Amino acid sequence: MANHLCFLLLFLIFYRVSAVSHVSVQTGGSITIPCSYDQYYINHVKYWCKGYVWTICSSVVRTDHPKSTDRASISDDITQKVFTVIMTDLEPEDSNTYRCVVEINGGTDSMIQLFYLSVTPGTPELYVDHQEVTGVEGGSVTVCCYFSNSGDMKWCRMGGDCVSGYSGTLNGTSVRLKQTSDANNRTVLTVTMSGLKMENIDWYWCRVGELEMPVHITVSQQTATQRSSKMTSTTQDPTTQQPSVSPTAEPVQTDNTSQGAEGNMEEVHQRSVKVLLISLGMLVVVTAGILVTWKMWRKHKDNKAKDQTTNYSVSADPEQDITYSTVTHTRETAQQDLFPEADDDVTYSTVILQHKAQLKGQTKSAEPDDNVVYSSLALQVTTQHRAAAAQQLLTERRPWLSP
């Protein structure tokens, strides 16, 4: 009975401290493993050992010595109370059981984490783009977990709660889970954490079935420029970034939120350039429209003036009656002077009303057959006529002078 109780207690301890149960990495890849410890162990030496049997687990790296080897290193963050182990250039022979251990002076060392590392030549069953993701306070981060195995999908905080299903919260931060497929027909679990806070800085686990992959979330404070840009910009849903990387899960730092200082400045600059280009384009279009309209108006005005000039030059209406007259000059003394001077001129004229034949066209001149009569002007001044008239007058008044 006592043996069963000891076995059950040992199982519970292993279950509690085992943050990673099974990690899969591709040959030649890298992996970072976090080990969380209690406040009581801050000043203790931590180490990482390899071996299935606890009593013969051999130390690989230690926080005192050696801190690193050709393919492994260890570091301790006493502020976060987490020490991390990084393994690189992994080979199939590295597949084994590993432990995170705290050294106890004068006593039995304390194991705080147990996991199994599987190194496979093909694509691992569960991997992420990056194990280190950075976001901005108030912003969001997105993590893509690629998997080929089956089981429950969860997003867990190291030593804390988990979110499963479609959505939930972790320490007041919204978490959304979405399963999709990418262009390479890989099944993807997309995890989005929104409304980041400084207390969200920690290690998290992407878990599918028995496989897990650790991811570290870093949150930085907003600068004055970022706050100003956020106030002036519209709110947009975070977009999923899926960079094309090999499934080696290298601990490369990235910012999936695109809300860093450089990103925001570049975005503001791009928006300013777009606004300027749009304004210039609209100005060019309006100017071209004005020029075309002005030219059409000038052309219309010139055509109208030309039409008016043509109308004024048209000859008189063929239906009108045209009267031609002769100007007559008559001396007032012609009737009173019985004996006009030989040099006196007497002009006789006639005024004739004629009807002009109807024109066949507005611009057509009169044809030769048109009946157009112009007045005649006759000038009759002869000495003989004057003498005869005088003689006749004398005869009428003085008959006695006749022979």
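Of the 403 residues in the chain, 30% count as buried. The model is a predicted one, and what follows is a walk through its strands, its cores and one tyrosine. The chain holds four helices and 23 strands. Among contacts between residues at least 6 apart in sequence, 66% join residues at least 24 apart. On the outside, the chain exposes about 26000 Å², and carbon and sulfur atoms supply 54% of that area.

Two open sheets can be picked out. One is built from five strands in the order 1-8-7-3-4, with mixed pairing. Strand 1 (22-26) and strand 4 (58-62) sit at its edges, each pairing on one side only. Going across this sheet, neighbouring strands are turned by 30° against each other on average, direction ignored. Strand 3 (residues 46-50) and strand 7 (residues 96-102) run antiparallel and share five bridges. To find that pairing on screen, look for Cys-49, whose bridge partner in strand 7 is Arg-99.

The other open sheet also has five strands, here in the order 9-11-16-15-14, and its pairing is antiparallel. Its edges are strand 9 (126-128) and strand 14 (167-170), each of which pairs on one side only. Here the average turn between neighbouring strands is 25°, again ignoring direction. Strand 14 is joined to strand 15 (residues 173-181) in the antiparallel sense through four bridges. Within that pairing, Ser-167 has Arg-176 of strand 15 as its bridge partner.

Back in strand 7, Tyr-98 deserves a closer look. Its relative accessible area is 2%, so Tyr-98 is buried, the cut-off being under 20%. Leaving out residues up to four places away in sequence, Tyr-98 touches Trp-48, Cys-49, Lys-50, Met-87, Gln-113, Leu-114, Phe-115 and Leu-117. The Tyr-98 side chain also reaches the backbone oxygen of Asp-94 at 2.7 Å. Tyr-98 and Tyr-52 are 46 residues apart in sequence, yet their C-alpha atoms are 7.4 Å apart in space.

Next come the nonpolar cores. In soluble globular proteins, nonpolar side chains tend to be buried together. In this model, the largest nonpolar core has 47 residues, and those with the most contacts inside it are Leu-117, Val-143, Trp-155 and Ile-217. Strand 18 (residues 211-220) gives the largest share of this core, namely five residues. Another core, of five residues, lies apart from it; Cys-156, Met-158, Trp-203 and Trp-205 are among its members. Leu-117 thus turns up twice, as one of the residues with the most contacts inside the largest core and as one of the residues touched by Tyr-98.

Strand 18 also leads to strand 10 (residues 132-136), as the two pair in the parallel sense over five bridges. Within this pairing, Glu-132 stands opposite His-216 of strand 18. Five of the five residues of strand 10 are buried, so this strand is largely enclosed by the rest of the structure. In a regular strand the side chains alternate between the two faces of the sheet. In strand 10, Glu-132, Thr-134 and Val-136 point one way, while Val-133 and Gly-135 point the other way, and all are buried.

Key: Residues numbered from 1 in each chain as written. Predicted model: local features only at pLDDT ≥ 70, side-chain atom pairs only at ≥ 80, totals over all residues. Heavy atoms only, no water. Buried < 20%, exposed > 50% of the residue type's maximum accessible area, 1.4 Å probe, protein only. Contact = heavy atoms within 4.5 Å. Areas by Shrake-Rupley, 256 points an atom, 1.4 Å probe, with all protein chains shown as cover. Pairing = 2+ DSSP bridges. Axes fitted to C-alpha atoms, helices over the stretch in contact; angles between N-to-C directions. Core = buried A, V, L, I, M, F, W, Y, C linked by side-chain atoms within 4.5 Å. Polar contact = N/O pair within 3.5 Å; in protein donor to acceptor, adjacent residues only side chain to side chain.
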